[in-house]
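Colleague: I am new to this one, so could you show me the structure and then let me ask how its labels are earned?

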Amino acid sequence: MGDREIDTVIGKNHQGVLVTLLERVSKLTLIKKVPSKHAEVVTKSAIQLLTPYLDKTLTRHRR
């Protein structure tokens, strides 16, 4: 895990915003409805979505 894509989906007439996170290898998809597309709101929601997965997403590279 670790190759992620984050995006926002804006509803018709700019009503409603979704933050989506996709982990490309496992296809894990996380979605959260947020009140706006402002950077602070999107950042906070991404952190909230990823918090339960923190111990599974860090990879230590060995040499």
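**How the labels are earned**

Modeller: Let me start with one pair: isoleucine 6 has leucine 21, in β2, as its bridge partner. Please keep in mind that this is a predicted model, where local features need pLDDT of at least 70, side-chain atom pairs count only at pLDDT 80 or more, and totals for chains, interfaces and linings use all residues. Residues are numbered from 1 along each chain as its sequence is written, and side-chain values use heavy atoms, with hydrogens and water left out.

Colleague: What makes β1 and β2 a pair?

Modeller: Two strands pair if DSSP finds at least two bridges between them. β1 and β2 have seven bridges, in the antiparallel sense, so they meet that definition. They form a hairpin with six residues between them, and asparagine 13 in the turn has a positive phi of about 55°.

Colleague: How do you know that β2 also joins β3?

Modeller: By the same kind of count: six bridges link these antiparallel strands. One of the partnerships is that of valine 17 with valine 34, in β3. This hairpin has five residues between its strands, with lysine 27 in the turn at a positive phi of about 70°.

Colleague: Which elements make up the chain, in order from the N terminus?

Modeller: The order is β-β-β-α-α, giving three strands and two helices. Both are DSSP runs numbered from the N terminus: helices are H or I with at least four residues, strands are E with at least two.

Colleague: Why is β2 called mostly covered?

Modeller: Five of its seven residues are buried, meaning under 20% relative accessible area (exposed is over 50%, partly exposed in between; 1.4 Å probe, protein chains only). For the chain, 21% of the 63 residues count as buried.

Colleague: How do you know that glutamate 5 and arginine 24 form a salt bridge?

Modeller: The definition asks for a side-chain nitrogen of Lys or Arg within 4 Å of a carboxyl oxygen of Asp or Glu. Here the closest N and O atoms are 3.0 Å apart, so the pair qualifies. Glutamate 5 lies in β1 (residues 4-10) and arginine 24 in the loop between β2 (17-23) and β3 (29-34), so the bridge ties together parts that are 19 residues apart in sequence. A search of the whole structure finds one salt bridge.

Colleague: What makes glutamate 5 partly exposed?

Modeller: Its relative accessible area is 36%, which falls between the two cut-offs. Arginine 24, at 40%, is partly exposed too.
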